[in-house]
Amino acid sequence: MIGTTRLIAALALPLALSGCVTGADYSRKEAGFTSVANKTAIVTAKETVWIQNQNQARSAAAQVKSLLARTKPLDVETAVQIALLNNKGLQAAYADLGDSAADAWQSTMFINPTVSIGTTGIGTPELQAFKTIEGMITTNILALATKNRDMAIADTRFRQAQLTSAVKTLQVAADTRRAWIGAVASWETVGQLQRAQATADAASELAEKLGETGAMTKGAQAREHVFVAELAGETAKARLSARLAKEELTRLMGLWGSDLDYQVPNSLPPLPNSVVRRNTIEAEALRNRIDLQIAKLDLEATAKSYGLTEATRYVTDLEVLTGFETEREIEDDETKTRTTAQVELEFAIPIFDTGKARMRKSELAYMRAANLLAEKAVNVRSEARSAYEAYRSNYDIARHYRNSVVPLRTKVEEESLLTYNGMISNTFELLTDTRDKINSILLSVNAKRDFWLAEADLAPAIYGGGATKASAETEVAAASESSAGGGH
């Protein structure tokens with residue numbers, strides 16, 4: 001004989017407290033992902049997908065194969081698009097977003113009331129003559145009273161998870177772009193060394209023939225041969241570095257099996273005619289950096305948690321128990337029934353724990369979040385300035401090698417060859433000039449690579465996603481803790 005009236009009241013109270021908030025926005029399978037896709041598309045101009053079933057997986061795989069088939073050699077924009085479609089770590093980050101959406105959805109649900117039923121007078125007829133049935137419904141009033149705050153905190157954490165997924169997406173795009181640049185630059189180095197070795201091989205054969213005629217001493221021949229041998233070793237080492245660089249690109253794109261036969265160009269694009277001026281890059285970074293927005297949301301969520309702790313400082317658990325007690329007594333074949341309503345209030349008395357420790361912990365958490373936000377703002381400004389300085393300076397350096405150093409080294413080698421052919425200079429001088437020219441060419445390739453890497457770092461400096469893998473993993477872990485608490 002349970003109090004039906006009380007059951008209706010217990011269910012009506014949470015509805016009155018919560019207003020019209022529902023979990024419809026969080027319950028969708030792709031909750032929050034549209035915002036992530038739109039935000040990252042502005043920066044990358046690429047499509048990203050959240051794969052949650054076999055049809056979506058087959059569609060993404062077919063798209064990847066199509067991109068690989070029609071883009072030979074593989075350009076940087078296609079590599080980035082493949083990574084955004086096929087990187088499994090990125091899919092794991094989107095699963096974290098779904099987990100946060102589930103937490104926010106859970107926060108909109110009401111705590112289930114506890115129903116208890118008891119009876120006495122079971123057994124012998126004498127005991128059944130006096131029979132009592134009790135029904136009780138228990139609900140946590142404090143949890144209902146603070147429900148709106150709990151939902152607000154969960155929603156802030158959900159928005160924070162959206163931005164974290166966006167940062168992960170931008171990081172994968174930036175890492176892939178850098179890996180492509182590194183791989184292509186490595187193969188360009190291999191190409192330069194192979195061309196130098198072809199010339200050195202020809203010189204070595206000529207030295208051997210001259211030695212047979214007695215026109216070149218054995219010492220001069222040995223210098224030619226050892227130069228060829230050293231160059232072969234450098235070429236093999238460069239080829240190994242190029243293969244490893246390509247494997248890094250392969251990992252970021254999530255390729256395996258038959259997809260591994262893709263090709264990258266033999267050289268990086270030439271330097272642009274001019275650089276982009278970003279005189280307001282600091283302001284752009286402060287306005288657009290997603291990791292800075294994450295820090296702001298963390299401070300907001302911490303502030304809301306602090307308010308919740310303050311509201312529940314003294315009373316941490318408040319339960320109302322309401323029900324009916326019905327007694328039935330049989331006397332002289334006459335049944336008498338009496339029903340009595342019962343209301344109980346249960347709470348913890350704050351005698352020993354007054355909540356000061358919890359308040360202090362919340363204060364320190366807020367101070368920590370505020371200082372981390374201030375530090376992030378300072379770092380964002382500095383990173384933006386550093387990125388533009390590296391971009392501008394590396395352009396000047398690369399252009400200097402292209403326009404001045406390499407042409408001069410080429411001229412020196414040509415003149416040295418002329419004097420050597422005229423028997424004015426010796427073999428050692430010619431080899432020295434050749435080595436210097438090779439070194440200058442390699443330095444020019446490296447300078448061009450550094451410029452394109454600096455150019456790739458501009459967008460992460462403005463929008464986020466440029467952290468190294470180690471620091472990115474640290475940031476993700478901190479956010480989780482905060483939420484819980486060319487023929488190649």
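Mentor: Let's start with burial: buried means under 20% relative accessible area, exposed means over 50%, and partly exposed is in between (1.4 Å probe, protein chains only). This is a predicted model, where local features need pLDDT of at least 70 and side-chain atom pairs count only at pLDDT 80 or more, while totals for chains, interfaces and linings use all residues. Residues are numbered from 1 along each chain as its sequence is written, and side-chain values use heavy atoms, with hydrogens and water left out.

Trainee: Okay, are aspartate 175 and arginine 178 buried or exposed?

Mentor: Both are buried.

Trainee: What makes aspartate 175 and arginine 178 a salt bridge?

Mentor: A salt bridge is a side-chain nitrogen of Lys or Arg within 4 Å of a carboxyl oxygen of Asp or Glu. In this pair the closest N and O atoms are 2.7 Å apart, so the pair fits that cut-off. Both residues sit in helix H9, three residues apart, which is about one turn of the helix. Helices here are DSSP runs (H or I, at least four residues), numbered from the N terminus.

Trainee: Why is arginine 360 called partly exposed?

Mentor: Its relative accessible area is 45%, so it falls in between the buried and exposed limits. Glutamate 363, at 28%, counts as partly exposed too. These two side chains meet in a salt bridge (3.7 Å, N to O), and both lie in helix H13.

Trainee: What about arginine 399 and aspartate 396, how far apart are their closest N and O atoms?

Mentor: They are 3.6 Å apart, and the two form a salt bridge. Arginine 399 counts as partly exposed at 33%, and aspartate 396 does as well, at 31%.

Trainee: How many salt bridges does a search of the whole structure find?

Mentor: It finds 20. There's also a network of salt bridges that links Asp155, Arg159, Glu300 and Lys304.

Trainee: How do you know that the length of helix H10 agrees with its residue count?

Mentor: The expected span is 1.5 Å times one less than the number of residues. For the 36 residues of H10 (residues 218-253) that should be 52 Å, and the end C-alpha atoms are 53 Å apart, so the two agree. After H10 comes glycine 254, whose phi is positive, near 70°.

Trainee: And why is methionine 367 called partly exposed?

Mentor: Its relative accessible area is 44%, so it is neither under the buried limit nor over the exposed one. Methionine 367 lies in helix H13 (residues 356-421).

How values were computed: Helices (H or I, at least four residues) and strands (E, at least two) are DSSP runs, numbered from the N terminus.
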